[in-house]
Structure formats: C-alpha cells, structure tokens
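I opened the model to look up the sheet, the ligand shell and one arginine. My entries follow.

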Amino acid sequence: MGDEEDIFLEMFDKLPRQGPGKDECTRKAYSMLSDLPEIPDILDIGCGSGRQTLVLAEISKGHIDALDLNEIFLEDLNERAKENGFSENIRT
Ligand SMILES: C[S@@+](CC[C@H](N)C(=O)[O-])C[C@H]1O[C@@H](n2cnc3c(N)ncnc32)[C@H](O)[C@@H]1O
C-alpha cells in the first residue's frame with residue numbers, strides 16, 4: 001500500500017460514511033423504486049463502511065452484497081451490521 005492510500009484510509013477510517021449523503025437521501029432514493037420484490041437482492045458497489053448499506057438493510061429487509069476495494073471499510077461494516085442486528089442481511 002502506498003503513502004497516498006495510507007493517508008486516504010487514515011482520513012476516512014471510522015467515519016460513518018466516506019462521501020456526501022444523508023440517510024434521508026437513501027430512504028428517498030429507495031422509495032422511488034417500483035416493482036421491487038418483497039425481499040430484494042441489493043448490490044451496494046463502493047459501499048465504504050456502509051452507512052447507506054445499513055439504512056438499506058433496515059428499510060428493504062432484503063439481502064445485500066456490499067463491495068469495496070478497501071478491506072478496512074468492510075471490517076467496519078461487518079462490525080456495524082452485527083451491532084445493528086443485520087449480520088444475516090449484509091454480506092461483504
Ligand atoms: C466516495 S466513497 C463512498 C462510500 C459509501 N458509498 C458512502 O456513500 O459513504 C467511494 C467508495 O468506493 C470504493 N471504490 C472505489 N473504486 C472501487 C472499485 N473499483 N470497486 C469497489 N469499490 C471501489 C472506495 O474504496 C470508497 O470506499
């Protein structure tokens with residue numbers, strides 16, 4: 001891992017999200033989808049530490065595959081999923 005990547009990870013590690021956004025925006029975007037199955041399969045690409053993944057798990061009750069290049073974010077998401085009772089819904 002290079003120095004620049006180290007700095008990036010140090011800046012963003014343990015933040016609730018790694019980019020702009022709000023839980024209400026995730027909820028609004030989801031509410032605009034139609035014809036979803038009762039238990040949808042969701043692919044969250046570039047999930048970071050998964051703030052939106054947790055919101056999606058809560059509102060969809062579906063199964064989510066959460067992908068990110070950085071393992072450190074996925075470890076954080078796994079912890080948060082466990083703490084929030086979504087371990088069965090979220091696979092990193
Ligand atoms: C701007 S952050 C957004 C993270 C999260 N979705 C959020 O809203 O907080 C973009 C994320 O995409 C990940 N990423 C970038 N390129 C990727 C790729 N090719 N495959 C998987 N993840 C990638 C980065 O590691 C980073 O965590």
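I looked up the sheet first and found an open one of three strands, order 1-2-3, with parallel pairing. Strand 1 (41-45) and strand 3 (90-91) are at the edges with a single partner strand each, so one side of each has no neighbour in the sheet. Strands (E, at least two residues) and helices (H or I, at least four) are DSSP runs numbered from the N terminus, and two strands pair if DSSP finds at least two bridges between them.

This is a predicted model; local features need pLDDT of at least 70 and side-chain atom pairs pLDDT 80 or more, while totals for chains, interfaces and linings use all residues. Residues are numbered from 1 along each chain as its sequence is written.

I then checked strand 2 (residues 63-67), which pairs with strand 3 in the parallel sense over two bridges. Asp65 has Arg91 in strand 3 as its bridge partner.

Around the ligand I noted 15 residues (C-beta, placed from the backbone, within 6 Å of it), with Arg17, Gln18, Gly19, Gly46 and Gly48 coming nearest.

Last, I looked up Arg80, which lies in helix 4 (residues 71-83). Is Arg80 buried, exposed or partly exposed? Arg80 counts as partly exposed because it has 18 C-beta neighbours inside 10 Å; 20 or more would make a residue buried, and 12 or fewer exposed. Leaving out residues up to four places away in sequence, Arg80 touches Gly50 and Leu54 (contact: C-beta atoms, placed from the backbone, within 7 Å). From Arg80 to Ser31 I noted 24 Å, C-alpha to C-alpha, with their positions 49 residues apart in sequence.

Definitions and conventions
Contact = placed C-beta atoms within 7 Å.
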